[in-house]
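Colleague: I'm new to this one, could you walk me through it? Start wherever you like.

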Amino acid sequence: MIKDITAFFSKNALNMKRSEIRELLKVTRRPDMISFAGGFPSPETFPVKEMEEISCQVLREKGALALQYGPTEGEPAFREELAKWINREKATIKPENVLITAGSQQGLDIISKIFLDPKDIVIVELPSYIGGLQAFSAYRAKMIGVPQDFGGMKMDLLEKVLEKLAKKNRKPKFIYVVPDFQNPSGATMSLERRKKLLELAYQYEIPILEDSPYRDLRYAGENVPAIYSLDTQNQVMVLGTFSKILGPGLRLAWIVAPAEWMDRMVVAKQSMDLCSPTYTQLIVAEYLRRGLLSEQIEKIRKIYGRKLEVMLEALERYMPKGVEWSKPEGGLFLWVTLPKRLSANDLFPKAIENKVAYVVGSAFHCNGRGQNAMRLNFSFPTEQQIDEGIQRLAKMIKENL
Ligand SMILES: Cc1ncc(COP(=O)(O)O)c(C=O)c1O
């Protein structure tokens, strides 16, 4: 009998970290809990009726295809419609540049798998998306965090890091950024910094990984061009997803990358799941073909834009002095910073007692910092819950000041 199975596990497996958020979601499912913790879209945005009708049509007309295995790269009809959609921003993407994945999370895993050996360096934002950190650490990469402010990663600091690494003859495998309404902070990288990022990436010859699930969810302000749309040297990989604009249950997302980078990605995906679900690809292909997505995004913008307003108003009304928060122009999250002496980690059990949940800031920091910060989600709770939840949070913070 095997007494200790861990002795058999790979170093990679032992290095994998459990997602604090996924664990947390178990607690937050309690009915009386107001949860600002997850990154769930609101079910009221799901286009259930249209999906029902299109699903029936797909089964009726293409049942044999829909329930069959498909190509690893993705269903041709879907890749084609998707490339058209993506080309709203850059007219040069061809279906061959698009790989369909089971969520962007799989995209992060595929990219980590093909680029990262143990101890390889990945540059990340401070704070950064937890699922990205999780994927990179599963392949035992060394993450170097570069601080950001509300205008995104600070390019002067990135430049210093790259200079220092170059002196030691070390080259990061890629620079990972979430430039639009970042998860977790809500920050959007300015155009100037996007240009500077490309300049540095060209100078030091480093790929950029642009992960942008919230790009279409802008509620205020002016659009900033996507980094890949400014790229002239074919050095940017992009992750996009239907999770936040249609429904995460579809598990449909995409990687756009230069065609020569694609082959290894396809091979990596083959050993993961052979192909993404043909059924949902055909449904979304038809959804796109009918031109329904723009209207759907408009609907979501209205709902979340209003929820964001409600959260900002509630923070203004209830939070004590010394507490600060970001004011995003889109996305699903905002970032609250507590006075230095308060730890969001220490307060967490008290928040749960008070039936309100958030994610601690430290979960998003590859360097363990961010103890006095928390991420709040505003897409999932109702407007009434947002107001009530912020009241509970503010009361608890006041009691602990
Ligand atoms: C920045 C970022 N990347 C990737 C993902 C994963 O999305 P999915 O796998 O649902 O496409 C998320 C989800 O919240 C995210 O915020």
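Modeller: Let me begin with the ligand, keeping in mind that this is a predicted model: an oxygen atom of the ligand is 2.7 Å from an N or O atom in the side chain of T241. On its own the ligand has 400 Å² of accessible area, and the protein covers 92% of that.

Colleague: Which residues are closest to the ligand, and how many surround it?

Modeller: The ligand is surrounded by 13 residues, and the closest are S104, D211, Y214, T241 and S243. Taking D211 from that list, an N or O atom in its side chain lies 2.6 Å from a nitrogen atom of the ligand. The backbone takes part as well, since a backbone N or O atom of Q105 lies 3.0 Å from an oxygen atom of the ligand.

Colleague: What kinds of residues make up that shell? And which helix gives the largest share?

Modeller: The shell around the ligand divides into 4 nonpolar, 6 polar and 3 charged residues. Helix α5, residues 103-115, supplies the largest share of the shell, with 3 residues.

Colleague: OK, zooming out. How many helices and strands does the chain have?

Modeller: The secondary structure comes to 14 helices and 14 strands. The radius of gyration is 21 Å, close to the 21 Å that the globule rule gives for 401 residues, so the chain is as compact as a globular protein of that length. Along its principal axes the C-alpha trace spans about 60 × 60 × 55 Å, and 57% of the 401 residues count as buried.

Colleague: Let's look at a helix, then. Is α6 largely enclosed or open?

Modeller: Helix α6 covers residues 130-138, and 8 of its 9 residues are buried, so it is largely enclosed by the rest of the structure. The buried residues in α6 are I130, G131, G132, L133, A135, F136, S137 and A138. Just after α6, R140 takes a positive phi of about 60°.

Colleague: And the strands? Which way do the residues of β2 point?

Modeller: In strand β2, residues 98-101, V98 and I100 point one way while L99 and T101 point the other way, and all of them are buried. β2 pairs with strand β9, residues 253-256, in the antiparallel sense over 4 bridges, and within that pairing L99 stands opposite I255 of β9.

Colleague: What's the order of the strands in the open sheet?

Modeller: That open sheet has 4 strands, in the order β10-β11-β14-β13, with antiparallel pairing. At its edges stand β10 (324-325) and β13 (359-360), each with a single partner strand, so one side of each is left without a neighbour in the sheet.

Colleague: How many bridges join β11 and β14?

Modeller: Strand β11, residues 333-337, and strand β14, residues 373-377, pair in the antiparallel sense over 5 bridges, and F333 stands opposite N377 in β14.

Colleague: One last thing, Q182. Where is its place, and is Q182 buried or exposed?

Modeller: Q182 sits in the loop between β6 (174-177) and α8 (191-204). Although it belongs to a loop, Q182 is buried, with a relative accessible area of 0%.

Colleague: So which side chains does the side chain of Q182 contact?

Modeller: One polar contact, of 3.1 Å, joins the side chains of Q182 and E125, and another, of 2.6 Å, links the side chain of Q182 to that of S185.

Definitions and conventions: Residues are numbered from 1 along each chain as its sequence is written. This is a predicted model: local features need pLDDT of at least 70, side-chain atom pairs count only at pLDDT 80 or more; totals for chains, interfaces and linings use all residues. Side-chain values use heavy atoms; hydrogens and water are left out. Buried means under 20% relative accessible area, exposed over 50%, partly exposed in between (1.4 Å probe, protein chains only). Helices (H or I, at least four residues) and strands (E, at least two) are DSSP runs, numbered from the N terminus. A residue is near a molecule or strand if one of its heavy atoms lies within 4 Å of it. A polar contact is a pair of N or O atoms within 3.5 Å; within protein, one must be able to donate a hydrogen and the other to accept it, and residues adjacent in sequence count only if both atoms are side-chain atoms. Accessible areas come from the Shrake-Rupley method with a 1.4 Å probe; for residues, only the protein chains shown count as cover. Ala, Val, Leu, Ile, Met, Phe, Trp, Tyr, Cys and Pro count as nonpolar, Asp, Glu, Lys and Arg as charged, and the others, Gly among them, as polar. Two strands pair if DSSP finds at least two bridges between them. The radius of gyration is taken over C-alpha atoms; the globule rule is 2.2 Å times the number of residues to the power 0.38.
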